[in-house]
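Biologist: I am new to this structure and would like to take a careful look at one part of it before going any further. Could you choose a single pairing as your starting point and then lead me outward from there, step by step, through whatever it connects to?

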Amino acid sequence: MAILKVARIGHPVVRETAKPVPAAEIQGAAFQRLVDDMVETMHEYDGVGLAAPQIHVGWRLAVIEILPTDERAEDGVPVTVLVNPKLTPLGKRRARGIEGCLSVPGFRGVVARHERVKLEALDRHGKPWSVEAHGFFARVLQHECDHLDGRVYLDRMEGLRSLAYQEEFERFGAQEAVDDEE
Ligand code: NI
């Protein structure tokens, strides 16, 4: 296994729309190694998710893991592989929450996301699976699927007032996302 280099914003690959993973690739050893390397890279950088464009691969592929000890989540989510995922919002409710991204290192920001979503995808062996998610899990799914369309969380912020360096965020907490009031 290998730890992969993570592309940061400014590298064009972060902004490109990823292509579906071809079915013929999924069973191959190279694809399985790629998935293993993405999981190892996500662990190395303490991420809860990593999308293939972030490691310079333009495929619709992401990995997620939420540890049971993660205070942002109600429940943990074991290592989960999303191949060619399709995300559907459930209901209209949105919730604000803090996000960070390995491609935007050192920052945190407040982002409104759909509270509930349905995700349909293939697993790492090409088997279809689906889940209805809410809360932090739903947030992570939306964040990772955005990467596959060349989007980062900064694009989803209602304004930049809540953008903070991680250290200041840990010291002072999230600043209010006050929009256009001055
Ligand atoms: Ni990200």
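Modeller: Let us start with L87, whose bridge partner in β6 is L119, keeping in mind throughout that what we are looking at is a predicted model. This pair belongs to a wider arrangement, since β3 and β6 pair in the antiparallel sense over five bridges.

From there we can follow the strands in both directions. On one side, strand β3, which covers residues 77-89, is joined by five bridges to strand β2, residues 61-66, and these two also run antiparallel; here V63 stands opposite V81 in β3. On the other side, strand β6, residues 116-122, is linked through seven bridges to strand β7, residues 128-134, again in the antiparallel sense, and A121 faces W129 across that pairing. β6 and β7 make up a hairpin in which five residues lie between the two strands, and G126, in the turn, has a positive phi of about 90°.

Two further positive phi values deserve a pause, because both occur in residues other than glycine. One is N84, with phi near 50°, which has its place within strand β3 itself; with a relative accessibility of 25%, N84 counts as partly exposed. The other is H56, where phi is near 70°, and this residue sits in the loop between β1 (49-51) and β2. H56 too is partly exposed, its relative accessible area being 34%.

The strands then lead us to a helix by way of the nonpolar interior. The largest nonpolar core holds 20 residues, and those that touch the most other members are I64, I66, L82, F137 and L141. To this core β2, β3, β6 and α3 each supply at least two residues, with α3 giving the most, namely seven. As a general background, nonpolar side chains tend to be buried together in soluble globular proteins. F137 shows how the parts meet: setting aside its neighbours within four places in sequence, F137 is in contact with I64, I66, V77 and V131. Apart from this core lies another, made of 17 residues, including F31, V35, M42 and I55.

The helix itself, α3, is mostly covered, with 13 of its 14 residues buried. Its length can be checked by simple reasoning: at 1.5 Å a residue, the 14 residues of α3 should span 20 Å, and the C-alpha atoms at its two ends are 21 Å apart, so the two values agree. Just after α3, G150 takes a positive phi of about 75°.

Finally, α3 brings us to the metal. The nickel ion is coordinated by the SG atom of C101 and by the NE2 atoms of H143 and H147, at 2.1 to 2.3 Å, and along the chain these donors follow the spacing C-x41-H-x3-H. H143 and H147 lie four residues apart in α3, residues 135-148, and are therefore separated by about one helical turn. An α-helix has 3.6 residues a turn, so residues three or four places apart point the same way. Both H143 and H147 are buried. The path that began with L87 and L119 in the paired strands thus ends at the nickel ion and its donors C101, H143 and H147.

Notes:
Residues numbered from 1 in each chain as written. Predicted model: local features only at pLDDT ≥ 70, side-chain atom pairs only at ≥ 80, totals over all residues. Heavy atoms only, no water. Donors = N, O, S within 2.8 Å, 3.2 Å for Na, K, Ca; no water. Buried < 20%, exposed > 50% of the residue type's maximum accessible area, 1.4 Å probe, protein only. Expected span 1.5 Å × (residues − 1). Pairing = 2+ DSSP bridges. Core = buried A, V, L, I, M, F, W, Y, C linked by side-chain atoms within 4.5 Å. Contact = heavy atoms within 4.5 Å.
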